[in-house]
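Trainee: I have a new chain open and want to go through how it packs. Can we start with the terms?

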Amino acid sequence: MFTKITEERAFDGILAQIIENIRRGELKPGDTLPAERVMAESLGVSRPAVREVLRALELMGIVTTVRGGANYITENMDQWLSAPLALLFQLNNSHVQQVQELRSALEQEAALLAAGNCTEKDALDLRSILAQLESAEKARAGLDKKLHTKIGRIAGNPMIYNVLDAAAQLTEEIISGTRAYIMQKHNSALEVDDQHRRLVEAIISGDRNQAEKLMREHMETIEKYIIEIAQQQGENSLVFHR
């Protein structure tokens, strides 16, 4: 799995080989990495060099370390961008509305692409989620996320999907319960349900421009409620703190 590299560029070499093994499928989500000693011997580098790379990958959310020192590839690779995005947010002293602006732009592009990629099976899945969402009295927030996740996957661009998923998670971390608040509030729930219904039909019918337009309107509605929640929780909720 690994080949020897020069110690002078140990970090870059170790990182490149681990990423390449993930890309080729030699290392899959949930797989345990060889012990640090074994990796160091295989790569011809020191154990501290291997440990440094594994720590960096852990901070990025690609590697998970458990008690006892075992390292394995994170099972949910879709969420690996969440930690770096959160760090970038803190370093730039960003505002929650900036995260929402990023999410809005990506959601609109995802809707446009999804309208061009939607298969019959995708259409059935979208309608099924929508029906569950409209009839549910509980767990509506989870179904709302499921619908947006499905649209992101139909878009067919893993870069858009992963950044979008990370941005949505970060918004929820900054202002807790955003989806639940919107989906449980009577008037907003009715408004959002109608937006979801029209959006899904535009995607299924393949109307790219309409899907993008409706998603933009939907994101403007979401931003309105995010500001409302933030004001209720206090102005400090608008800035990400841990």
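Mentor: One term first: two residues are in contact when they have heavy atoms within 4.5 Å of each other. Also keep in mind that this is a predicted model.

Trainee: With that in hand, which residues of helix 5 meet which residues of helix 7?

Mentor: On the helix 5 side they are Arg-103, Glu-107, Ala-110, Ala-111, Leu-113, Ala-114 and Asn-117. On the helix 7 side they are His-148, Ile-151, Gly-152, Ile-154 and Ala-155.

Trainee: What does that contact between helix 5 and helix 7 look like by class?

Mentor: Seven residues are nonpolar, three are polar and two are charged.

Trainee: And at what angle do helix 5 and helix 7 pack?

Mentor: About 60°, with the axes 7 Å apart. Helix 5 covers residues 96–117 and helix 7 covers residues 140–155. That angle makes helix 5 oblique to helix 7.

Trainee: Is their crossing left-handed or right-handed?

Mentor: Helix 5 and helix 7 cross in a left-handed sense.

Trainee: Let me step back. How many helices and strands does the chain have?

Mentor: Eleven helices and two strands. In sequence order the pattern is α-α-α-β-β-α-α-α-α-α-α-α-α.

Trainee: What size of box do the C-alpha atoms fill?

Mentor: Roughly 60 × 45 × 30 Å, taken along the principal axes. The chain has 242 residues, and 43% of them count as buried.

Trainee: What share of the contacts join residues at least 24 apart?

Mentor: 71%, among contacts between residues at least 6 apart in sequence.

Trainee: Back to packing, at the N-terminal end this time. At what angle do helix 1 and helix 3 pack?

Mentor: About 55°, with their axes 9 Å apart; helix 1 is residues 10–24. Helix 1 and helix 3 are therefore oblique to each other, and helix 1 passes helix 3 in a right-handed crossing.

Trainee: Which residues of helix 1 and helix 3 meet?

Mentor: Helix 1 brings Ala-10, Phe-11, Ile-14, Leu-15, Ile-18 and Ile-19. Helix 3 brings Ala-49, Val-50, Glu-52, Val-53, Leu-54, Ala-56 and Leu-57. By class, this contact has twelve nonpolar residues, no polar ones and one charged.

Trainee: What about helix 2 and helix 3, at what angle do they cross?

Mentor: Roughly 110°, and their axes come within 8 Å; helix 2 is residues 36–43 and helix 3 is residues 47–59. Helix 2 and helix 3 are therefore roughly perpendicular to each other. Their crossing is right-handed.

Trainee: Which residues make the contact between helix 2 and helix 3?

Mentor: From helix 2, Glu-36, Arg-37, Met-39, Ala-40 and Leu-43; from helix 3, Arg-47, Val-50, Arg-51 and Leu-54. These divide into five nonpolar, no polar and four charged.

Trainee: Glu-36 caught my eye there. Is Glu-36 buried or exposed?

Mentor: Buried, because the relative accessible area of Glu-36 is 16% and the cut-off for buried is under 20%. Leaving out residues up to four places away in sequence, Glu-36 touches Arg-47, Val-50, Arg-51, Leu-54 and Asn-71.

Trainee: Let's compare a couple of other acids. How about Asp-122, buried or exposed?

Mentor: Asp-122 is buried, at 13% relative accessible area. Asp-122 sits in helix 6 and, not counting residues up to four places away in sequence, touches Asn-117, Lys-150 and Ile-154.

Trainee: And where is Glu-172?

Mentor: Glu-172 is in helix 8. Glu-172 is partly exposed, with a relative accessible area of 24%. With residues up to four places away in sequence left out, Glu-172 touches Gly-177, Thr-178 and Arg-179.

Trainee: Last topic, the nonpolar core. Which members of the largest one touch the most other members?

Mentor: Leu-126, Leu-147, Ile-151, Leu-170, Leu-199 and Ile-203, out of 37 residues in that core. Helix 11 gives the most to this core, with seven residues.

Trainee: What does Leu-147 touch?

Mentor: Leu-147 touches Leu-126, Ile-129, Leu-133, His-196 and Val-200, not counting residues up to four places away in sequence. Apart from the largest core lies another, of 20 residues, including Ile-14, Ile-18, Val-45 and Val-63.

Methods. Residues are numbered from 1 along each chain as its sequence is written. This is a predicted model: local features need pLDDT of at least 70, side-chain atom pairs count only at pLDDT 80 or more; totals for chains, interfaces and linings use all residues. Side-chain values use heavy atoms; hydrogens and water are left out. Axes are lines fitted to C-alpha atoms, for helices over the stretch in contact, and angles run from 0 to 180 degrees between N-to-C directions. Helices (H or I, at least four residues) and strands (E, at least two) are DSSP runs, numbered from the N terminus. Angles under 35 degrees count as roughly parallel, over 145 as roughly antiparallel, 65 to 115 as roughly perpendicular and the rest as oblique. A crossing is left-handed if the near helix is turned anticlockwise from the far one by less than a right angle, and right-handed if clockwise. Ala, Val, Leu, Ile, Met, Phe, Trp, Tyr, Cys and Pro count as nonpolar, Asp, Glu, Lys and Arg as charged, and the others, Gly among them, as polar. Buried means under 20% relative accessible area, exposed over 50%, partly exposed in between (1.4 Å probe, protein chains only). A nonpolar core is a set of buried Ala, Val, Leu, Ile, Met, Phe, Trp, Tyr and Cys residues joined through side-chain atoms within 4.5 Å.
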